[in-house]
Amino acid sequence: MSYEEVAKQKFEALKTKKDVLILSVESSCDETSIALVKNGREVLSNIISSQIDIHKLYGGVVPEIASRNHIKNISGVLEEALNEAGKTLEDVDAVAVTYGAGLIGALLVGVNFAKTLAYALKVPLIAVSHVHGHIGANYISHKNLTPPFLCLMVSGGHTAIVQVEDYCSFKLLGMTVDDSVGECFDKVARVLGLYYPGGPNVERLAKNGEKKVKFNYHTPLPNSLDFSFSGLKTAVVNYVHNKEQKGEEFSKADVAMSFQELAIDELESKVAMAIKKVGAKKLVIAGGVGANKALRGRLEKTCKSLGVEMFAPDLKFCTDNAAMIGSIAYYYILAGIGLADLTLTASPVVPI
Ligand code: KG4
Ligand code: ZN
């Protein structure tokens with residue numbers, strides 16, 4: 001039998017197998033990560049090799065450098081993931097990999113590595129959307145969480161409100177018409193002279209500031225579930241440049257705090273609107289910006305006032321990691337989707 005035929009048979013059989021061990025690979029940006037996840041919820045290992053210290057020198061991720069470092073790191077990450085889980089490659093039932101969205105060269109390293117592993121082990125290869133993976137992070141942190149729920153997706157690449165009707169059924173209710181909120185945090189960080197990645201550094205600085213800076217900015221798209229962040233980004237950049245050009249003193253902490261509050265206002269108002277529109281009972285936060293404690297706190301309050309239960313991943317599962325890919329891959333298998341063959345390639349953009 002060909003690899004494809006064996007993989008298809010095994011894929012079908014996994015739907016009813018008692019325990020399914022997935023080896024998952026994530027390399028969409030600057031984290032090389034491999035995890036071993038059992039039945040979508042139990043993380044046996046989740047090794048993340050971060051390249052932050054390298055990209056910090058350039059003020060952001062340099063795609064070519066990211067790809068080269070994935071190649072350098074990935075075999076060692078696999079070995080560590082297997083060791084930590086106390087498993088061997090023979091124990092693996094399926095290999096899952098992020099095929100998009102992300103940096104094409106970076107993704108290709110993970111995709112080719114996963115294809116090789118799946119072929120050598122004669123197990124199914126599951127092609128996973130990175131965005132779905134961020135939602136999957138919540139199934140790891142909240143063992144009893146089940147769909148349906150409303151999801152606020154806030155990563156470096158996406159800002160969207162998604163209605164998750166079932167594990168693998170996603171309906172887009174609104175999304176950013178320009179920048180993502182993560183990009184906006186990163187840009188504000190840069191203009192304030194903070195290191196990459198910007199989000200956590202802006203949050204840290206904001207803790208010492210007050211919400212008192214008035215930017216030249218108007219709330220965009222007030223009656224829509226779509227977001228817009230480019231106006232806010234430009235207003236903050238212009239404010240800082242203006243002060244610098246005139247040689248006027250200003251508090252960077254106040255700028256960080258005032259910006260963060262306005263960004264959260266935009267997210268919070270749309271989430272509240274969506275909750276009311278669809279009558280949601282649960283809100284799930286997904287993506288790197290979901291690590292922001294001020295955002296989590298504000299949404300927690302909003303949800304409480306609307307009688308909605310809020311879920312967010314543990315902080316370590318908010319940003320990119322392979323465990324979240326292994327989690328959602330399990331539900332892909334149960335739904336009978338995602339089986340890829342050896343022609344699988346990477347995709348810089350994937351639909352939600
Ligand atoms: O989900 P993620 O790790 O990667 C993508 O899929 O894009 O998100 C990365 C984004 C970056 O823009 C980063 O600055 C932002 O998440 N981020 C934060 C925080 N931690 C990460 N933004 C605000 N506050 C944070 N604590
Ligand atoms: Zn991500």
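1. In this predicted model, the zinc ion (ligand 2) takes its protein donors from His 130 (NE2), His 134 (NE2) and Asp 320 (OD), which lie 2.0 Å from the ion. Along the chain these donors are spaced as H-x3-H-x185-D, and the pair of His 130 and Asp 320 links distant parts of the chain, since His 130 belongs to helix α5 whereas Asp 320 sits in the loop between α11 (315-318) and α12, 190 residues apart. Both His 130 and Asp 320 are buried.

2. The geometry of the site deserves a separate remark, for the zinc ion (ligand 2) has 6 donor atoms with angles of 54 to 167 degrees among them, and the site is classed as irregular.

3. Helix α5 (residues 130-141), which carries His 130, also packs against helix α12 (residues 323-335): their axes come within 7 Å and cross at roughly 95 degrees. Angles of 65 to 115 degrees count as roughly perpendicular, and α5 and α12 are therefore described in that way.

4. On the α5 side of this contact are His 130, His 132, Gly 133, His 134, Gly 136, Ala 137, Tyr 139 and Ile 140, and they meet Ala 323, Met 324, Ile 325, Ser 327, Ile 328, Tyr 331 and Tyr 332 of α12. By class, the residues of the contact comprise 9 nonpolar, 6 polar and no charged. His 130 and His 134 thus appear both in this contact and among the protein donors of the zinc ion (ligand 2).

5. Helix α6 (residues 181-191) contributes a set of buried residues, namely Val 181, Gly 182, Cys 184, Phe 185, Val 188, Ala 189 and Val 191. The elements that cover them include the strands β6 (149-154) and β7 (159-166) together with the helices α7 (198-206), α8 (230-246) and α9 (252-278). After α6 comes Gly 193, with a positive phi near 80 degrees.

6. Two cis peptide bonds may be checked in the backbone. One joins Pro 147 and Pro 148, with omega about 5 degrees, and Pro 148 is found in the loop between α5 and β6. Another runs from Tyr 196 to Pro 197, with omega near -5 degrees, and Pro 197 is placed in the loop between α6 and α7.

7. Positive phi values also occur in residues other than glycine. Asn 39, in the loop between β2 (31-38) and β3 (42-50), has a phi of about 50 degrees, while Lys 122, in the loop between α4 (104-121) and β5 (125-129), has a phi near 55 degrees. Lys 122 is partly exposed, its relative accessible area being 38%.

Note on methods
Residues are numbered from 1 along each chain as its sequence is written. Chains are lettered from A and ligands numbered from 1 in the order in which they are written. This is a predicted model: local features need pLDDT of at least 70, side-chain atom pairs count only at pLDDT 80 or more; totals for chains, interfaces and linings use all residues. Side-chain values use heavy atoms; hydrogens and water are left out. Axes are lines fitted to C-alpha atoms, for helices over the stretch in contact, and angles run from 0 to 180 degrees between N-to-C directions. Helices (H or I, at least four residues) and strands (E, at least two) are DSSP runs, numbered from the N terminus. Angles under 35 degrees count as roughly parallel, over 145 as roughly antiparallel, 65 to 115 as roughly perpendicular and the rest as oblique. Contact means heavy atoms within 4.5 Å. Ala, Val, Leu, Ile, Met, Phe, Trp, Tyr, Cys and Pro count as nonpolar, Asp, Glu, Lys and Arg as charged, and the others, Gly among them, as polar. Donors are N, O and S atoms within 2.8 Å of the metal (3.2 Å for Na, K and Ca); water is not among the atoms, so sites may look incomplete. Four donors count as tetrahedral if all angles lie between 85 and 135 degrees; four count as square planar and six as octahedral if opposite donors are over 155 degrees apart and all others between 65 and 115; anything else is irregular. Buried means under 20% relative accessible area, exposed over 50%, partly exposed in between (1.4 Å probe, protein chains only).
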